[in-house]
Amino acid sequence: MSQPSTTLGYALFATRWLQAPLYFGLVAAQGVYVYKFFNELWNLILRCVTGQANETYVMLAVLKLVDVVMIANLLIMVIVGGYETFVSRIGLQGHRDQPEWLSHVNSNVLKVKLATAIVGISSVHLLQMFVDVHHTSQHALLWGTVIHMAFIASAAILAYMSGPMAEHGDRSHKGHGPVQGQGGADGGYSASASVPAEFSTSAAATRAPVPSPVPVPVPAQSTGSYLSSSEPYDSYDPHETGAETRIRAARFPSRKQLEEFDEDHPRDFDREVLARLGKLDFVAARRNVVLVGPPGTGKTHLAVGLGVRACQAGHQVLFATAAQWAARLTEARAAGRLAEELAALDAHPLLIVDEVGYTPFDADTAHLFFQLVAHRYERSSLIVTGDRPLGRWDEIFGGAAPAMVDRLAHHAEIVRLEGDSYRMRRATSAWAE
């Protein structure tokens, strides 16, 4: 891109700061509604104390207070979500009070949230009219109902459109993912750029021009697969939302939610870390997560829960066990397309490697895992679950372990889970009964 075009683009992008005063103006409007709320509350208390408030008045006054609060909620959603989406990121990473919805907000989601908030406000207004029906004309009731139904229809249409729009964005992202082998000032690099010579498979595999990446299905789960790998990507229900399509494409062994995790089961577990990871800042920061602990302590549950939440936030995710990743990479190397396979995985900001350590790998397979970790280093995120700490990975990957651990742990959140097997605990309880 030429220098004038770049300068013009930066200048146009900088005009986003012209919106900043608008959001500060909305902050002032928020203050006006705070004043209005306490003014209405004070009047209500005075009339109740002096005996001038009947039941209808109290109900109408409370509805006014609810109305003010809902409008204030709408304002804060526009202020925080709109500023973050259209002006600049807000540095809330790690803040314990960061709202959960902020990590899921984009321009499309924001429109749907605003529409549903307006429907709620309209519902309160309509309820006020019905409560005070004796002082409301039929003409006002009719138009109030019509306007409310129009708001509902608009919100439903926006919600319906958000699914296809998100899915279209996902397809565009897949079709324009980073291409392997383009090094230089832009920060891209080939598979061989960060891989020591003793770990490289062949010069032809790493230096050859790379065509457009095409995802290859992960080998099928041994049991209980959420989506069989034999089912093609194009077979998904077209009426599904974008999030559901991403969840199905991720091929989780089962569908788990972070909220379902039994935090009281592990003897040693940092709950604040889980809350922080649940905000998905590590995906945006291209950091890794390593979950370490004995079998049955909930590592896979947490990995799947984070993966599902990432899908709901608009990220492409791919899940497989370490053995399945080994089979996938080995197959790609045998076909002479390892570089293309690693480039294809760039379309997924988050990969999950489950059950590391249950089976040791030979030197060739260990080198393939190193290339996967090295390729994604500071470019995309990994979630890895295993039964032993990183210091003992030489028992699994041999000589490739030090270089692999160095890259994996450099930007990583390492979560240690201690405790007995949850499955064995349930089995023991069943035997006792």
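## A tour from strand 2 outward

Select Leu318 and Leu351: Leu351, in strand 3, is the bridge partner of Leu318. Strands here are DSSP E runs of at least two residues, helices are H or I runs of at least four, and both are numbered from the N terminus. Two strands count as paired if DSSP finds at least two bridges between them.

Before moving on, note the ground rules. This is a predicted model, in which local features need pLDDT of at least 70 and side-chain atom pairs count only at pLDDT 80 or more, while totals for chains, interfaces and linings use all residues. Residues are numbered from 1 along each chain as its sequence is written, and side-chain values use heavy atoms, with hydrogens and water left out.

**Stop 1: helix 13 on the sheet**

Select residues 363-376. This is helix 13, which packs on the sheet and touches strand 3 and strand 4 (381-386). Its direction makes about 150 degrees with that of strand 3. Axes are lines fitted to C-alpha atoms, for helices over the stretch in contact, and angles run from 0 to 180 degrees between N-to-C directions.

Now pick Arg376, which lies in helix 13. Is Arg376 buried or exposed? Arg376 is buried, with a relative accessible area of 2%. Buried means under 20% relative accessible area, exposed over 50%, and partly exposed in between, with a 1.4 Å probe and protein chains only.

Show what surrounds Arg376. Leaving aside neighbours within four places in sequence, Arg376 is in contact with Leu345, Asp346, His348, Pro349, Leu350, Leu351, Ser381 and Leu382. Contact means heavy atoms within 4.5 Å. Draw the C-alpha to C-alpha distance from Arg376 to Leu350: 9.7 Å in space, for 26 residues in sequence. Then look at Ser381: its backbone oxygen lies 3.2 Å from a polar atom of the Arg376 side chain. A polar contact is a pair of N or O atoms within 3.5 Å; within protein, one must be able to donate a hydrogen and the other to accept it, and residues adjacent in sequence count only if both atoms are side-chain atoms.

Stay in helix 13 and pick Thr365. Thr365 is buried too, at a relative accessible area of 11%. Not counting residues up to four places away in sequence, Thr365 touches Ala326 and Thr330.

**Stop 2: strand 2 and the sheet**

Select residues 317-321. Five of the five residues of strand 2 are buried, so the strand is largely enclosed by the rest of the structure. Which residues point which way? Val317, Phe319 and Thr321 point one way, and Leu318 and Ala320 the other. In a regular strand the side chains alternate between the two faces of the sheet.

Add residues 350-356, strand 3. Strand 2 and strand 3 run parallel and are joined by five bridges. Phe319 stands opposite Ile352.

Zoom out to the sheet. It is open, has five strands in the order 2-3-4-1-5, and pairs in parallel. Strand 2 and strand 5 (412-416) stand at the edges with a single partner strand each, so one side of each has no neighbour in the sheet. The twist averages 10 degrees from one strand to the next.

**Stop 3: Thr297 and helix 10**

Go to Thr297, in the loop between strand 1 (288-292) and helix 10. Thr297 is buried, with a relative accessible area of 1%. The backbone oxygen of Pro294 lies 2.7 Å from a polar atom of the Thr297 side chain.

Next, select residues 299-312, helix 10. It is mostly covered: 12 of its 14 residues are buried, including His301, Leu306, Arg309 and Cys311. At 1.5 Å a residue, helix 10 should span 20 Å, and its end C-alpha atoms are 20 Å apart, which agrees. The expected span is 1.5 Å times one less than the number of residues. After helix 10 comes Gly314, with a positive phi near 105 degrees.

**Stop 4: helix 2**

Select residues 20-49. How far apart are the end C-alpha atoms of helix 2? They are 44 Å apart, in agreement with the 44 Å expected for its 30 residues. Its buried residues are Ala20, Tyr23, Gln30, Glu40 and Leu44. Helix 3 (55-86) is part of what covers them. Just after helix 2, Gly51 takes a positive phi of about 75 degrees.

**Last view: the whole protein**

Display everything. The protein has 16 helices and five strands. Of its 433 residues, 42% are buried.
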